[in-house]
Amino acid sequence: MIYNFDVVVLGSGPAGEGAAINACKAGKKVAVVENRGVVGGGCTHLGTIPSKALRHSVMQIMDFNTNPMFRAIGEPRWFSFPDVLKNAQKIIDRQVNSRTGYYARNRIAVFFGQGRFVDDHTVEVSCNSGTVERLIAKEIIIATGSRPYRPADVDFNHPRIYDSDTILKLNHTPRRLIIYGAGVIGCEYASIFSGLGVLVDLIDNRDRLLSYLDEEISDSLSYHFSNSNVMIRHNEEYEKIEGIEHGVILHLKSGKKIKADALLWSNGRTGNTDGLGLENIGLKANSRGQIHVDENYRSEIPHIYGAGDVIGWPSLASAAYDQGRSAASNIAEEGSGRYVDDVPTGIYTIPEISCVGKTEQELTKDKVPYEVGKAFFKSMARAQIANQTAGVLKVLFHRDTLEILGVHCFGYQASEIVHIGQAIMNQPGEQNNLRYFINNTFNYPTMAEAYRVAAFDGLNRLFKI
């Protein structure tokens with residue numbers, strides 16, 4: 001059959017969902033095409049939701065096994081990776097139910113199948129039911145997400161070689177695991193597996209972890225890993241990955257060989273644009289499968305937009321949702337959407353990391369006269385109550401104007417804490433001021449009051465000449 005819509009959205013992950021619902025709220029007739037049999041995209045089924053659910057379960061296990069209070073009622077317990085994964089599946093199912101309801105309430109048509117461009121206004125959907133539908137739209141938003149990059153010389157069919165998608169099918173708990181790639185995904189899974197007692201070799205092709213972070217935060221993560229069964233190997237690249245009967249041998253260009261029960265490849269991602277028929281509309285993806293868009297999220301074809309991982313940076317679920325909303329806003333009213341560039345970094349290692357604004361290294365390079373205020377979690381009452389005392393909040397501010405320039409947090413609830421600093425940084429003019437944290441009362445005991453401690457610490461470093 002042939003259907004006519006104002007907007008067709010390809011993909012139902014965060015970007016697609018944000019785009020579809022916002023377009024619907026603007027009065028558009030909207031359809032969504034999703035190649036799975038359920039909505040949610042890679043975020044819900046393979047990435048953000050399962051990995052964060054896994055992390056939460058592992059943190060509960062770690063707390064049980066290390067908290068002296070629990071030792072009074074029993075010995076430490078061991079949990080297998082498949083056991084922990086079962087709990088994550090429950091969260092995925094709940095998310096699918098919630099998101100399915102969003103589309104139903106907003107009367108958004110959802111087509112389950114593979115979408116492919118016939119021309120620049122027509123998408124043909126090979127439905128999972130076996131039928132073929134044609135959707136004609138005035139505007140189209142590509143929000144198909146990304147998947148792990150798979151180099152041709154790595155045998156991902158081997159039962160002990162995984163990527164960040166297939167690791168969710170791991171049916172045993174390895175004693176030793178190699179993680180190749182020390183980006184966000186690699187570091188998060190290093191935390192998850194080390195928390196289950198797995199010995200982890202984390203292979204990094206750079207000279208320090210997550211090199212775009214503030215150096216002190218990066219060093220804190222490295223130090224914490226070194227105390228948590230994680231061996232970090234910097235400046236290494238693979239020569240060959242050899243799958244053997246009961247494990248994997250990693251051959252490095254440096255001459256080293258590492259053997260483990262399994263290997264997780266987490267080195268790069270590719271946009272899901274192959275199979276979309278972009279050649280039929282004259283649109284080209286780059287070497288990483290990503291499409292180029294402008295600040296209105298419009299591609300080279302004016303009525304075709306892109307949002308989420310498929311357009312590249314920052315490849316975060318939080319940003320993807322806002323990018324999708326902005327693309328739909330620009331469709332409804334030219335220029336009404338915002339370009340999403342104020343994005344806090346959220347890295348869900350154990351402990352977690354979150355940052356927004358400039359790093360010390362960037363401010364030093366730019367010769368900005370800044371000062372630092374710190375609050376160490378070991379002294380915070382809320383962190384002591386939660387038995388989560390590893391961590392620090394750093395607030396970087398201009399020493400003359402007291403304008404907040406950057407917030408960097410490592411530790412318990414870092415991804416929540418950072419938004420307080422982000423909110424003040426976004427205030428106009430003199431309202432962005434370190435003294436806000438001193439002149440306003442915080443609930444006690446909370447992690448938020450770390451800002452007050454950091455503000456006093458920073459002001460104490462100032463002096464007049």
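A disulfide is a pair of cysteine sulfur atoms within 2.5 Å. By that cut-off, this predicted model holds zero disulfides. Take cysteine 43: the closest cysteine sulfur sits in cysteine 187, and because 19 Å separates the two sulfurs, they are too far apart for a bond. Cysteine 43 is also buried, with a relative accessible area of 17%. Cysteine 409 is likewise in no disulfide, and the nearest cysteine sulfur, that of cysteine 355, is 8.1 Å away. With a relative accessible area of 0%, cysteine 409 counts as buried too.

Now for the nonpolar interior. The largest nonpolar core has 49 residues. Within this core, the residues with the most contacts are Val8, Val9, Leu10, Phe117 and Ile142. Quite a few elements give two or more residues to the core: among the strands are strand 1 (2-10), strand 2 (30-34), strand 3 (109-119), strand 4 (122-127), strand 5 (132-142) and strand 16 (304-306), and the helices are helix 1 (14-25) and helix 8 (317-332). The largest share, six residues, comes from helix 1. Valine 8 gives a feel for how these parts meet. Setting aside neighbours within four places in sequence, valine 8 is in contact with Ala31 and Val33, with Val123, and with Leu135, Ala137, Glu139, Ile140 and Ile141. Apart from this core lies another, of 40 residues, which includes Ala53, Leu177, Ile179 and Ile217.

Next come the open and closed spaces. The second largest pocket has a volume of about 320 Å³. Its lining is made up of Met59, Met62, Asp63, Thr66, His224, Ile350, Pro351, Asn387, Gln388, Thr389, Ala390 and Tyr412. Helix 3 (residues 48-66) gives the most to this lining, with four residues. By character, the lining of the second largest pocket splits into six nonpolar residues, five polar and one charged.

As for closed spaces, the structure holds one cavity of 30 Å³ or more. About 30 Å³ of space lies inside the largest cavity. Around the largest cavity stand Arg55, Met59, Pro351, Glu352, Gln388, Gly411, Tyr412 and Gln413. These lining residues divide into three nonpolar, three polar and two charged. Some names turn up in both places: Met59, Pro351, Gln388 and Tyr412 line the second largest pocket and also line the largest cavity.

Two single residues round out the picture. Serine 191 is found in helix 6 (residues 184-195). Serine 191 is buried, with a relative accessible area of 3%. Leaving out residues up to four places away in sequence, serine 191 touches Phe225, Thr349 and Ile350. Ile350 has already come up, as one of the residues lining the second largest pocket.

Phenylalanine 377, for its part, lies in the loop between strand 19 (370-376) and helix 10 (381-385). Despite this loop position, phenylalanine 377 counts as buried, at 0% relative accessibility. Along the chain, phenylalanine 377 and alanine 262 are 115 residues apart, and their C-alpha atoms are separated by 35 Å.

Notes:
Residues numbered from 1 in each chain as written. Predicted model: local features only at pLDDT ≥ 70, side-chain atom pairs only at ≥ 80, totals over all residues. Heavy atoms only, no water. Buried < 20%, exposed > 50% of the residue type's maximum accessible area, 1.4 Å probe, protein only. Core = buried A, V, L, I, M, F, W, Y, C linked by side-chain atoms within 4.5 Å. Contact = heavy atoms within 4.5 Å. 1 Å grid on protein atoms, 1.4 Å probe; cavity = no way out; pocket = protein on both sides within 12 Å on 5 of 7 lines; lining within 4 Å. Points joined across faces, edges and corners; volume = space filled by probe spheres on them. Nonpolar A, V, L, I, M, F, W, Y, C, P; charged D, E, K, R; others polar.
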